[in-house]
Amino acid sequence: RAIGLLALSAVIMLLLHPGDLFMPGFQLSFSVVGFLVVGTMRLRNRWFSPASRVHITPLSGFTDCLKTAFVVACLAWLTATPIAMHHFGLLALYAVPAGLILLPVVALLLFLSFARLALCWTGVIADSMLPAMLEWVADLAIGIVAWIDSMPVSSIQVGHIPTLAVFAWLSAVALWLRYGLRNSTWIARQALYRFLLKMKPM
């Protein structure tokens, strides 16, 4: 399964470089990807109806892709936000629309990158047009990020949150993905009630 491969790659990276565990890049990469693998389809089916497997038209296929992209952007933002706040003290307000805007650009960049690797493996010389296209698409992505970052209130300084708050945030997201908002609220209330009962002096 995908989550098993993700866990295996994380273990291998930590065996080679144990200090990566405390780096924001490692935490963001594996946390976001893990939540996307586990929760994307569950959240998509909760927010929208399941994608139709019959009578697929170009319009319905495009609409389904947009719905999935929106769910991915929202879930990635929910997962990355506490980690970014912990390390950088920043809250990115435009992350979801930025993700939707950058999605086709990043997809094209990945496609061109894999195409260049495939051509290199086959021995085909591709050092003329393809590298120039890669550079242009990468510059486009950087330009879009810079444009969004230059917008008013694109991110706000909120201060660094403690590690415990990060775990609490991600646990709440996992609970919400698993049980939904109403059931998650009920479970959290019951847990808090039991905790308060234990803390109450006899």
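What pattern does the protein follow, read along the sequence? The pattern is α-α-α-β-α-α-β-α. This is a predicted model.

**Start with the whole chain.** Colour by secondary structure. You should find six helices and two strands. Now colour by burial: of the 202 residues, 25% count as buried. Turn to contacts between residues at least 6 apart in sequence. Of these, 73% join residues at least 24 apart.

**Select α2 and α3.** α2 covers residues 24–47, and α3 covers residues 58–88. The two helices pack at an angle of about 145 degrees. Their axes lie 8 Å apart. The crossing of α2 past α3 is right-handed. Which kinds of residue make up this contact? They divide into 16 nonpolar, seven polar and three charged.

**Select the largest nonpolar core.** It has 14 residues. Show F35, L43, L75, V166, V173, W176 and L177, which have the most contacts inside this core. Three helices each supply at least two of the core's residues: α2, α3 and α6, the last spanning 163–199. In soluble globular proteins, nonpolar side chains tend to be buried together.

**Centre on L75.** Set aside the neighbours within four places in sequence. L75 is then in contact with F35, L36, G39, T40, L43, V173 and L177.

**Move along to T79.** This residue sits in helix α3. Is T79 buried or exposed? T79 counts as buried because its relative accessibility is 0%, and the cut-off for buried is under 20%. Follow its side chain: it reaches the backbone oxygen of L75 at 2.8 Å. Beyond the neighbours within four places in sequence, T79 is in contact with S31, V32, F35 and L170. F35 is also on the contact list of L75.

**Go to the second core.** This one is separate from the largest core and has ten residues. Among them are L112, V137, A141 and I148.

**Finish at L134.** Select helix α5, residues 129–149, and find L134 there. L134 counts as buried because its relative accessibility is 13%. Which residues does L134 touch, not counting those up to four places away in sequence? They are L109, L112, S113 and R116. One of these, L112, belongs to the second core. Last, draw a distance between the C-alpha atoms of L134 and L109. These two residues are 25 apart along the chain, yet the atoms are separated by 6.4 Å.

How values were computed. Residues are numbered from 1 along each chain as its sequence is written. This is a predicted model: local features need pLDDT of at least 70, side-chain atom pairs count only at pLDDT 80 or more; totals for chains, interfaces and linings use all residues. Side-chain values use heavy atoms; hydrogens and water are left out. Helices (H or I, at least four residues) and strands (E, at least two) are DSSP runs, numbered from the N terminus. Buried means under 20% relative accessible area, exposed over 50%, partly exposed in between (1.4 Å probe, protein chains only). A polar contact is a pair of N or O atoms within 3.5 Å; within protein, one must be able to donate a hydrogen and the other to accept it, and residues adjacent in sequence count only if both atoms are side-chain atoms. Contact means heavy atoms within 4.5 Å. A nonpolar core is a set of buried Ala, Val, Leu, Ile, Met, Phe, Trp, Tyr and Cys residues joined through side-chain atoms within 4.5 Å. Axes are lines fitted to C-alpha atoms, for helices over the stretch in contact, and angles run from 0 to 180 degrees between N-to-C directions. A crossing is left-handed if the near helix is turned anticlockwise from the far one by less than a right angle, and right-handed if clockwise. Ala, Val, Leu, Ile, Met, Phe, Trp, Tyr, Cys and Pro count as nonpolar, Asp, Glu, Lys and Arg as charged, and the others, Gly among them, as polar.
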